[in-house]
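Let's take a walk through this structure together. Keep the viewer open as you read, and turn the model whenever a new residue comes up.

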Amino acid sequence: MDHETCMVKQIRSLDSDMQTLVYENYNKFISATDTIRKMKNDFKKMEDEMDCLSANMAAITDFSASISSTLQDQHAQITKLSGVHTLLRKLQFLFELPARLNKCLELQAYAQAVSSHRRARCVLQQYSHLPSFKGIQDDCNAIMEKLAQELRQKFRDGGTSAKDLSECVELMLQLDEPAEELCDKFLSHARSRLELDLQGLETLSLPSPTPNTDILEFIDRGCNEFVSSLCLVITSYQELFINHAQTGELLQAFVDDLAARYFSLVERRIQEEKGVGDNSLLVRALDRFHRRLQAVAKLLPGSAVPNRGTEIVIRAATERVKQYLSALQSFYMDSLTDVRQALATPRLSVAGAGASLPELLSSLSASILNQIKSVLASVHLFTAKDITFSNKPYFKGEFCSQGVRENLVVNFIRFVCQSSRQFCESAGDKGGSTPPALLLLLSRLCLDFETSTISYILTLTDEQFLVQHQNPITPVTALCGEAREAAQKLLNHYVKVQGLIISQMLRKSVETRDWVNTIEPRNVRAVMKRVVEDTTSIDVQVGLLYEEGVRKAHSSDSSKRTFSVYSSSRQQPRYAASYTPSAPMDTNLLSNIHKLFSERIDIFSSVEFNKVSVMTGIIKISLKTFLECVRLRTFGRYGLQQIQVDCHYLQMYLWRFVSDENLVHFLLDEIVGSAAHRCLDPSPMEQSVIEVICERG
């Protein structure tokens with residue numbers, strides 16, 4: 001029973017679905033019924049029309065058959081009459097041919113005359129055995145001979161245009177003139193015309209202080225006159241002598257010879273483009289030059305002319321890069337001259353002079369960077385996408401990597417480093433005339449190049465020119481190493497120069513004084529004050545461009561250290577033996593033993609890139625000079641005491657500038673000890689008196 005109930009439900013569900021489908025598609029069923037009914041009516045009408053058309057076609061066929069049967073007898077006669085008419089027209093043309101040729105000759109319609117004669121020549125030749133045709137043939141031959149003479153004269157004069165000249169050659173070839181002779185004459189006339197174009201270009205390319213035309217106008221004229229005419233000659237030659245294979249070599253030699261002269265004129269004019277201001281005009285001219293030569297490549301596939309044109313473009317681009325490098329070098333040297341003038345300009349105070357160093361460095365760095373960017377932007381025009389020759393392998397590869405990156409950017413960076421090093425290669429006139437502030441500024445410039453500028457410039461170049469690193473190129477690290485080496489050499493030379501300036505003052509102050517007969521010291525000598533002032537000024541100057549650096553921990557009594565170093569209580573044991581005649585050698589022995597256990601001081605060692613290291617180097621050179629000058633003099637009692645006062649004064653101030661104050665203590669100790677060894681009456685001054693004199697001074 002359950003199964004039956006389920007089946008009943010399914011049957012009812014199916015009935016319901018069927019009813020739904022009928023209701024939903026009722027309109028479609030009605031529309032389909034109407035369409036079928038309409039189609040029946042339309043086909044019935046069409047069947048009636050087809051029956052009517054068939055009856056009409058049958059009537060037409062019957063009528064046509066009736067006409068054909070009626071005209072059957074006259075058809076052969078009409079055909080015969082038509083043939084006779086055609087023959088009469090040909091005979092009429094032949095009989096009128098001499099008069100027609102004379103008329104064309106009078107009107108100089110040479111092409112029409114040759115065409116008419118070619119149409120009748122075969123017939124006249126075939127029936128030349130008949131007297132009437134023989135007469136016509138003789139008359140025509142005489143007229144055509146006269147026409148040929150006029151064409152030869154016209155061709156010989158060469159006063160017509162290239163188009164007329166080509167037509168003249170074509171007519172003469174149709175008259176069976178020798179092709180080889182015509183070929184030579186055609187090229188000869190074409191050469192004379194093209195040489196006139198070259199002479200006009202040569203007049204424009206003559207060297208002059210102010211060129212009459214710019215490079216773009218010159219190239220335009222050459223392309224529009226010479227190259228266009230050359231292409232027309234090639235086209236005409238190939239059309240006229242296409243069936244004469246042996247004449248191809250003549251054309252090739254002809255084109256190569258004239259193109260070589262044209263290229264020499266173009267290169268001469270390009271070499272006159274010395275200015276590096278606006279590069280766009282030259283690039284546009286080279287692009288137009290290269291673009292127009294491609295027409296020659298299409299007309300004469302085996303020609304070397306397009307490749308030679310590309311070589312000229314490459315040489316022009318390479319030469320342009322050299323000019324930009326020279327311009328960058330000149331700009332850099334001019335900038336250095338401006339910096340030297342700014343440093344030499346007198347100012348109201350030393351601080352005012354030093355304050356401009358960071359500004360000068362910033363201005364110099366910014367101007368160099370901006371100039372490099374400007375040059376790169378100008379050179380980048382050679383690789384622009386709208387330039388036809390930029391897709392050549394050279395401009396995609398070697399020009400970017402070797403031409404721009406290596407020969408321009410890398411060479412300029414090396415020039416900066418090399419020219420900077422030259423300021424410290426000779427200590428003569430060139431080295432001595434260099435302001436120390438310039439050495440310091442250039443050392444900082446090279447150091448900035450090493451830390452950031454070089455990497456930035458080369459990265460900019462690689463990104464802008466899409467430099468491919470398959471070719472051997474200079475690594476950034478190598479250039480940075482050269483820049484750091486130059487910076488180190490400049491800074492070492494700066495320390496040496498400043499040290500020698502102070503040393504010169506100390507040397508003169510020692511050599512020009514009578515240390516044996518001097519008076520008792522009452523104050524510090526003026527030269528010592530000047531040394532402290534100059535050292536302070538140098539410290540301020542160096543601090544403007546370099547960081548402070550690291551110092552060893554100072555003792556609490558650094559400024560008073562001289563008291564314990566040079567006091568009688570400490571120095572007496574050191575050279576007390578010299579006061580008694582019993583042991584004259586003990587003093588030297590004690591001094592030498594003391595030096596054995598002292599740390600060796602390298603006076604001219606390389607300095608680090610910080611202020612403390614620079615000042616330490618300068619002070620070492622100055623005090624070492626002071627020591628050597630003292631060793632060459634003999635001192636009296638008061639001379640020794642004056643050295644004590646001067647050294648104590650130096651100790652009061654110089655310890656602040658060095659990395660290790662013990663270095664100053666040691667050198668000043670050596671100076672006083674050396675003076676004591678060379679003193680005739682070594683009686684040191686009391687330390688308290690020394691301090692009073694120095695504080696008062």
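What follows goes from the whole chain to its core, its aromatic rings, its salt bridges and a patch on its surface.

First, a word on the ground rules. This is a predicted model, in which local features need pLDDT of at least 70 and side-chain atom pairs count only at pLDDT 80 or more, while totals for chains, interfaces and linings use all residues. Residues are numbered from 1 along each chain as its sequence is written, and side-chain values use heavy atoms, with hydrogens and water left out.

Start with the overall fold. The protein chain has 24 helices and zero strands, where helices (H or I, at least four residues) and strands (E, at least two) are DSSP runs numbered from the N terminus. Of its 697 residues, 42% count as buried; buried means under 20% relative accessible area, exposed means over 50%, and partly exposed lies in between (1.4 Å probe, protein chains only). Among contacts with a separation of 6 or more, 82% are between residues 24 or more positions apart, a contact being heavy atoms within 4.5 Å.

Now look inside. The largest nonpolar core has 156 residues, and Phe254, Tyr262, Leu408, Phe626 and Ile643 touch the most other members. Such a core is a set of buried Ala, Val, Leu, Ile, Met, Phe, Trp, Tyr and Cys residues joined through side-chain atoms within 4.5 Å. Beyond its neighbours within four places in sequence, Tyr262 is in contact with Leu198, Leu201, Gly222, Cys223, Phe226, Val227 and Phe289.

The aromatic rings come next. A pair of aromatic rings is described by the distance of the centres and the angle of the planes. Rings of Phe, Tyr and Trp (its six-membered ring) pair if their centres lie within 6.5 Å; planes under 30 degrees apart count as stacked, over 60 as edge-to-face and the rest as tilted. The whole structure holds 14 aromatic pairs. In one of them, Tyr394 and Phe399 have ring centres 6.0 Å apart and planes at 50°, so this pair is tilted. Both Tyr394 and Phe399 are buried, and they belong to one aromatic cluster with Phe382, Phe389 and Phe395.

Tyr546 and Phe609, with centres 6.3 Å apart and planes at 25°, are stacked. Tyr546 lies in the loop between helix 17 (526-543) and helix 18 (561-566), and Phe609 in the loop between helix 20 (586-596) and helix 21 (611-631), so the pair ties together parts that are 63 residues apart in sequence. Tyr546 is buried at 3% relative accessible area, and Phe609 is buried too, at 14%.

What about charges? There are 24 salt bridges, each a side-chain nitrogen of Lys or Arg within 4 Å of a carboxyl oxygen of Asp or Glu. One joins Glu267 and Arg315 (2.9 Å, N to O). Because Glu267 lies in helix 8 (residues 248-271) and Arg315 in helix 10 (residues 305-344), the pair ties together parts 48 residues apart in sequence. Glu267 is partly exposed at 24%, as is Arg315 at 40%.

Another salt bridge, between Glu511 and Arg507 (2.9 Å, N to O), stays within helix 16, its partners four residues apart, about one turn of the helix. Elsewhere, Lys624, Glu628, Arg631 and Glu670 are joined into one network by salt bridges that share partners.

Finish on the outside. Met39, Phe43, Met46, Met50, Leu53, Met57 and Ile60 form a nonpolar surface patch with about 740 Å² of accessible area together. Patches are made of residues with over 30% relative accessible area and no salt bridge, with like charges joined within 9 Å and nonpolar side chains (Val, Leu, Ile, Met, Phe, Trp, Tyr) within 5 Å; accessible areas come from the Shrake-Rupley method with a 1.4 Å probe, and for residues only the protein chains shown count as cover. Within the patch, Met46 sits in helix 2 (residues 26-106) and is partly exposed, at 46% relative accessible area.
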